[in-house]
Amino acid sequence: RYGGWQATVMDASLDDALNEFLKPPFAMLLGHTTYEIFAGYWPKQDPNNAIAKPFNEATKYVASHESFEPDWVNTKVVSGDVPAALRRLKAEDGPDMIVWGSGTLIQTLLREKLVDRMHLWTHPVTIGTGKRLFAAGTHAATWKLVKSRVGDAGVIIATYEPAGELVTDTIGA
């Protein structure tokens, strides 16, 4: 119903930030639903498009409950014990893995403490429906802000790294 909302708040002031994320080498880690959306779109774009080119060239790992035959070039399916498989991939000396979308997968990564860096893009848009990023089951933790920027249209990009267990106290105590 609200498809395409992001196009109205993304502006040229965020080009440098987007180019940083898309600078090779990187691998993509996607949930199956996000993979289907991306695989149905990016391979059909101009091969020199600033987003299509690095997306199509990157190795894509797709976390899925069931094995399937991917049709997007450079795609590998990760199924079965996904957290164990991702720990093995992280132990290899390969490029950083970037997760795009994939809300259900992110829940698993957070629960299993497999997130080394989190780039949160906050858009000045409310829709009223959708998945919660930090849903039930998300491990309580603290995060350290390591970088931030704000686009001209109000998009905030905040980069966080894990800072340990959540410590609570009373204000003014």
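Q: Helices are DSSP runs of H or I with at least four residues, numbered from the N terminus. Which residue just after α5 takes a positive phi?
A: In this predicted model, helix α5 covers residues 103–111. Just past that helix, phi turns positive, at about 55 degrees. The residue with this phi is K113.

Q: Which elements do the buried residues of α5 pack against?
A: Buried here means under 20% relative accessible area. In α5, that describes L105, I106, Q107, T108, L109 and L110. Their packing partners are β1 (27–31), β2 (59–63), α4 (82–91), β4 (97–99) and β6.

Q: How many of the residues of β2 are buried?
A: Let's stay with β2, which is one of the elements that the buried residues of α5 pack against. This strand is mostly covered, and of its 5 residues the buried ones number 4.

Q: Which residue in β2 stands opposite L29?
A: β1 and β2 run parallel, joined by 5 bridges. On its pairing with β3 (residues 75–78), β2 is again parallel, with 4 bridges, and there K60 faces T75. Back on the β1 pairing, the residue opposite L29 is Y61.

Q: Which strands are the edge strands of the open sheet with the order β5-β7-β6?
A: This sheet has 3 strands with antiparallel pairing. An edge strand here pairs on one side only, and that holds for β5 (118–122) and β6 (141–150). From one strand to the next, the twist averages 30 degrees. The edge strands are therefore β5 and β6.

Q: Which residue in β7 stands opposite T142?
A: Over 9 bridges, β6 pairs with β7 (residues 156–165) in the antiparallel sense. Facing T142 across this pairing is G164.

How values were computed. Residues are numbered from 1 along each chain as its sequence is written. This is a predicted model: local features need pLDDT of at least 70, side-chain atom pairs count only at pLDDT 80 or more; totals for chains, interfaces and linings use all residues. Side-chain values use heavy atoms; hydrogens and water are left out. Two strands pair if DSSP finds at least two bridges between them. Helices (H or I, at least four residues) and strands (E, at least two) are DSSP runs, numbered from the N terminus. Axes are lines fitted to C-alpha atoms, for helices over the stretch in contact, and angles run from 0 to 180 degrees between N-to-C directions. Buried means under 20% relative accessible area, exposed over 50%, partly exposed in between (1.4 Å probe, protein chains only). Contact means heavy atoms within 4.5 Å.
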